[in-house]
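These are notes on the model, set out as numbered points. Please read them beside the sequence and the coordinates.

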Amino acid sequence: MADSQLFCVAEERSGHCAVVDGNFLYVWGGYVSIEDNEVYLPNDEIWTYDIDSGLWTMHLMEGELPTSMSGSCGACINGKLYVFGGYDDKGYSNRLYFVNLRARDGTYVWEKITSFEGQPPTPRDKLSCWVYEDRLIYFGGYGCRRHNELQDCFDVHDASWEEQIFWGWHNDVHVFDTKTQNWLQPEIKGGVPPQPRAAHTCAVLGNKGYIFGGRVLQTRMNDLHYLNLDTWTWSGRIPINGENPKHRSWHTLTAIADDTLFLFGGLSADNTPLSDGWIHNVITNCWKQLTHLPKTKPRLWHTACLGKENEVMVFGGSKDDLLSLDTGHCNDLLIFQTQPYSLLRSCLDCIGKNAIILESQVSLLPPKLLQQVLKKITFWTAANHREEQRAQKEEKEKKCQWISSD
């Protein structure tokens with residue numbers, strides 16, 4: 001019987017951070033709902049997913065721990081996970097932390113960045129980040145400003161006149177240079193900037209930072225823009241040839257080739273959780289909807305990372321409308337294959353799926369290849385075990401519903 005502890009999986013969550021570095025997917029933070037209460041997940045835990053073996057491992061973290069939060073923005077540069085902003089019980093954050101994911105002793109130690117030049121963005125969550133030339137480039141988000149900080153880049157939602165604090169949406173751009181440890185706000189040289197927004201998504205292709213959708217006030221959007229990260233010029237709303245994806249927020253956008261973006265999920269303008277996927281070609285400015293995605297697995301406020309062979313790995317998020325029903329947090333990993341796998345990968349998968357039949361022959365493989373095969377056998381054993389566990393759980397829930405309705 002498979003060891004259920006060995007084949008564990010990261011906890012259910014939404015509003016978390018996830019990045020890929022080398023052979024691993026790293027997941028930190030976020031929240032779940034317990035009896036109508038938002039419970040932030042432990043700030044001293046980071047989960048790693050081995051892409052080759054399919055195994056999850058939880059590691060305890062040390063150092064200057066970030067507050068347990070949701071809506072933080074995570075990004076990876078040169079093996080370091082940077083986490084900025086977010087929301088917790090005390091409000092919005094504009095603190096920046098990093099952890100070295102490649103420490104030789106295998107420890108994960110948080111460091112709070114306090115020695116910097118320049119002015120960081122005002123406190124906020126649900127913002128986005130482009131990674132370009134060792135810089136973290138942040139855009140938008142929902143948060144708070146004081147009266148003397150109000151600018152055209154801020155769309156006011158609510159205010160506390162007594163404390164002179166205003167809440168709302170942003171469309172400003174801030175840069176943190178990881179080499180010089182400096183914050184700066186670049187001068188935008190031209191173009192029409194996107195409307196202030198939060199819960200949008202972003203991706204980098206070449207020297208262009210793309211954003212899609214998001215929410216401001218009660219409006220969700222489906223507009224596509226890019227910022228030239230060399231000239232600091234906005235494109236304005238990009239005209240699309242043909243059909244557009246629905247208006248949405250809490251979705252993801254992933255660069256999967258030099259000229260191609262992959263859009264998945266989110267919450268629609270009529271508060272419907274979405275499970276659709278779209279491919280955008282930036283040369284033709286056309287969206288194409290994918291037709292073979294599982295319609296029974298909607299996701300919003302999830303994360304999406306690019307794997308080693310251009311597969312998109314979607315982790316966590318919710319299958320509910322978080323604004324009215326907040327119980328459907330997920331911890332399964334959806335993998336979308338965006339191009340044919342290599343011949344080696346296909347052969348390894350075939351052996352892994354048929355390990356019992358090929359058991360007597362596997363040991364004859366050369367040592368290096370044998371190591372890869374054993375990881376694939378573990379991968380498919382873990383995947384099958386989790387699928388059996390999920391099916392048993394769903395069957396149990398159906399029986400409980402049948403008994404309660406009888």
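1. F84, Y138, F176 and W183 come together as one aromatic cluster. The model is a predicted one, and the values in this note are computed from it.

2. The aromatic pairs in the structure number 24. One of them is F24 with Y26, a tilted pair with 6.3 Å from centre to centre and 50° between the planes. F24 is partly exposed, because its relative accessible area is 30%, a value that falls between the 20% and 50% cut-offs. Y26 has a relative accessible area of 5% and is therefore buried.

3. Y97 and W110 form another aromatic pair, this one edge-to-face, with the centres 6.4 Å apart and the planes at 80°. Y97 belongs to strand β9 (residues 91-100) and W110 to strand β10 (residues 108-112); the two are 13 residues apart, and the pair links distant parts of the chain. Y97 is buried, at 4% relative accessible area. W110 also counts as buried, because its relative accessibility is 1%, and the cut-off for buried is under 20%.

4. Two charged side chains sit over aromatic rings. K208 lies over the face of Y226, 5.3 Å from the ring centre. R345 has its charged end over the ring of Y341, at 4.0 Å from the centre of that ring.

5. Y341 and R345 also appear in the lining of the largest cavity, together with Y49, I51, E311, M313, I335 and F379. How many cavities of 30 Å³ or more does a search of the whole structure find? The search finds one. The space in the largest cavity is about 40 Å³. Its lining divides into six nonpolar residues, two charged and no polar ones.

6. The largest pocket has a volume of about 1400 Å³. Its lining is made up of 42 residues, and K297, D332, R386, E387 and R390 lie nearest the centre. By class, the lining has 15 charged, 11 polar and 16 nonpolar residues.

7. Which element gives the most to the lining of the largest pocket? It is α3, with 14 residues. At least two lining residues come from each of β28 (333-337), α1 (343-353) and α3 (367-405).

8. The second largest pocket holds about 990 Å³ of space and is lined by 36 residues. Nearest its centre are A18, G74, C129, C202 and A304. The lining has one charged residue, beside 22 nonpolar and 13 polar. Strands that each supply at least two of the lining residues are β1 (17-21), β7 (73-77), β12 (128-132), β17 (201-205), β22 (252-257) and β26 (303-306).

9. β1, one of the strands that supply the lining of the second largest pocket, is mostly covered, with four of its five residues buried. Strand β2 (residues 24-28) pairs with β1 in the antiparallel sense, over five bridges. A18 has V27 of β2 as its bridge partner. Two residues lie between the strands in the hairpin of β1 and β2, where G22 takes a positive phi near 65°.

10. β26 is another contributor to the lining of the second largest pocket. In a regular strand, side chains alternate between the two faces of the sheet. Along β26, T303 and C305 point to one face and are buried, whereas A304 and L306 point to the other and are not buried. β26 runs antiparallel to strand β27 (residues 311-315), and four bridges join them. Opposite T303 in β27 stands F315. The hairpin of β26 and β27 has four residues between the strands, and N310 in this hairpin takes a positive phi near 65°.

11. Is E359 buried or exposed? E359 is exposed, because its relative accessible area is 58%, and exposed means over 50%. E359 is placed in helix α2 (residues 359-362). From E359 to S72 there are 287 residues in sequence and 46 Å in space, C-alpha to C-alpha.

Key. Residues are numbered from 1 along each chain as its sequence is written. This is a predicted model: local features need pLDDT of at least 70, side-chain atom pairs count only at pLDDT 80 or more; totals for chains, interfaces and linings use all residues. Side-chain values use heavy atoms; hydrogens and water are left out. On a 1 Å grid over the protein atoms alone, a cavity is a set of points where a 1.4 Å probe fits but cannot get out, and a pocket is an open set with protein on both sides within 12 Å along at least five of seven lines; lining residues have an atom within 4 Å of a point. Grid points are joined across faces, edges and corners, and a volume is the space filled by probe spheres set on the points. Ala, Val, Leu, Ile, Met, Phe, Trp, Tyr, Cys and Pro count as nonpolar, Asp, Glu, Lys and Arg as charged, and the others, Gly among them, as polar. Buried means under 20% relative accessible area, exposed over 50%, partly exposed in between (1.4 Å probe, protein chains only). Two strands pair if DSSP finds at least two bridges between them. Rings of Phe, Tyr and Trp (its six-membered ring) pair if their centres lie within 6.5 Å; planes under 30 degrees apart count as stacked, over 60 as edge-to-face and the rest as tilted. A charge sits over a ring if NZ of Lys or CZ of Arg is within 6 Å of the ring centre and within 35 degrees of the ring normal.
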